[in-house]
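Open the model in your viewer and follow the stops below in order. Each stop says what to select and what is found there.

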Amino acid sequence: MRVEFDPERLPLAILELFRIKQGEMVSAMMHLGTRLNLWDTLGRCGPCTSEQLADEAGLKERWVREWLHCMSASEIVQHEAGQFALTPEARVALTASDHWCFMPGVYGPPMTHDEIERTAEAFRTGVGMTWAEHGDHTCHMQCAMSAARQESFLVPEVLAAFDGAIDRLQSGDARIVDVGCGAGVASRLLASSFPTAAVVGIDPSERAITEARRKALQAGLDNLTFEIGTFDDLDRFGPADLLVTLDVLHDLPRPQDAVAAAGRSLAADGWWLVAEIRGRGDLESNRKIPLLPYMYAMSVFYCMSSSLSEPGGEGLGTLGLHPARLKEMVEAGGFTRLARHEVASDPTNWYYEIRL
Ligand SMILES: C[S@@+](CC[C@H](N)C(=O)[O-])C[C@H]1O[C@@H](n2cnc3c(N)ncnc32)[C@H](O)[C@@H]1O
């Protein structure tokens with residue numbers, strides 16, 4: 001490791017530190033864009049002047065102009081001769097709601113003072129926060145990330161790769177249980193893709209389940225129900241032909257108990273679909289992962305915090321449930337088959353097909 005101070009490196013090092021701060025500020029500006037419906041308005045009206053955008057959005061021009069300048073400096077918006085337009089790629093990512101990369105909700109409101117304080121306290125006590133304790137904004141952020149990833153490929157790519165699963169789920173009396181369903185993005189998707197199956201979403205977060213029920217009602221899905229519960233309650237909902245656990249296991253204080261519960265609740269010839277982050281096992285191997293600092297930050301504030309939200313929790317965290325670890329856990333839980341699937345448009349997760 002280098003120990004000598006190098007004054008020539010200092011300006012670049014300081015610039016890098018400010019880039020990190022810049023990300024936080026620009027993300028908050030992007031959140032304003034979402035809150036004020038500026039993405040859709042600009043997508044519809046651009047190229048346009050700041051006056052035209054402000055008029056269309058019903059906002060004050062001076063504020064909109066400064067926002068546009070920030071977005072243009074961030075290369076999200078193009079600027080030519082007083083006219084502004086989203087770049088074609090930003091237009092997809094921020095306005096095309098049916099595209100897998102649509103996730104304006106990820107640039108959500110900054111973390112609250114309370115979340116920062118509680119996380120700092122967790123470094124002293126060792127005990128973190130559950131997902132539900134973060135509040136509504138986290139529930140929305142999670143939905144934003146999940147919707148983009150899951151809606152476009154969960155059924156046509158992931159389930160289609162599970163031998164015989166689609167036929168079984170279309171066959172009439174199939175039972176699907178989405179455990180750790182959050183606000184129910186995947187549950188809704190499965191209920192609409194398999195209208196003759198009975199789908200249940202379970203999550204311990206009351207706010208997530210309330211939101212899930214509201215959206216299911218809106219979508220008119222009468223084969224879908226949601227219950228407040230955890231893996232400890234899973235026995236009540238089986239035997240499932242398809243059990244779904246998307247980005248949940250690494251968040252749990254007791255993941256091995258969850259694997260055991262999954263084994264008890266799965267029909268003998270059923271499938272357990274597990275999505276887990278593509279963690280490699282240690283810091284140096286993880287360096288290949290895109291956006292690695294973001295992943296570790298997500299872990300401290302959300303995933304590891306959740307998995308340490310009970311004293312004695314396992315503390316796996318965002319990148320902690322790598323393939324070798326998962327294999328050990330499912331074998332110990334009595335499963336005999338494990339296959340890993342990749343989806344080209346999801347660089348973040350692996351999708352595991354797990355069977356008894
Ligand atoms: C990262 S979120 C994933 C939500 C959803 N599966 C998705 O992909 O959008 C993790 C979820 O696990 C839930 N959870 C936490 N502890 C749980 C437990 N013991 N059993 C089931 N779910 C749990 C949290 O409330 C949260 O909604």
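**Stop 1: helices α6 and α13**

Select E115, T119 and A122 in α6, which meet V300, F301 and S305 in α13; residues are in contact if their C-beta atoms, placed from the backbone, lie within 7 Å. Helices (H or I, at least four residues) and strands (E, at least two) are DSSP runs, numbered from the N terminus. This is a predicted model, in which local features need pLDDT of at least 70 and side-chain atom pairs count only at pLDDT 80 or more, while totals for chains, interfaces and linings use all residues. Residues are numbered from 1 along each chain as its sequence is written.

The contact of α6 with α13 divides into three nonpolar, two polar and one charged residue. Ala, Val, Leu, Ile, Met, Phe, Trp, Tyr, Cys and Pro count as nonpolar, Asp, Glu, Lys and Arg as charged, and the others, Gly among them, as polar.

Now show α6 (residues 113–125) and α13 (residues 292–307) whole: their axes come within 11 Å and cross at roughly 55°. Axes are lines fitted to C-alpha atoms, for helices over the stretch in contact, and angles run from 0 to 180 degrees between N-to-C directions. The angle makes α6 oblique to α13 (under 35 degrees is roughly parallel, over 145 roughly antiparallel, 65 to 115 roughly perpendicular, the rest oblique).

**Stop 2: helices α11 and α14**

Select α11 (residues 255–265) and α14 (residues 323–332), whose axes come within 9 Å and cross at roughly 50°. α11 is therefore oblique to α14. P255, Q256 and V259 of α11 make the contact with M329, V330 and A332 of α14. By class, this contact of α11 with α14 holds five nonpolar residues, one polar and no charged.

Keep α11 on screen and add β3 (175–179), β6 (240–246) and β7: α11 lies across these strands and runs at about 145° to β7.

**Stop 3: the sheet**

Show the open sheet of seven strands, ordered β5-β4-β3-β6-β7-β9-β8 with mixed pairing; two strands pair if DSSP finds at least two bridges between them. At the edges are β5 (224–228) and β8 (337–341), each paired on one side only. From one strand to the next, the twist averages 20°.

Zoom in on β7 (residues 266–277) and β9 (residues 349–355), an antiparallel pair with six bridges. L273 stands opposite E353 in β9.

**Stop 4: the ligand**

Which residues are closest to the ligand? They are S146, G180, G182, T230 and L246, out of 21 that surround the ligand (C-beta atom, placed from the backbone, within 6 Å). The shell comprises 11 nonpolar, seven polar and three charged residues.

Key. Two residues are in contact if their C-beta atoms, placed from the backbone, lie within 7 Å.
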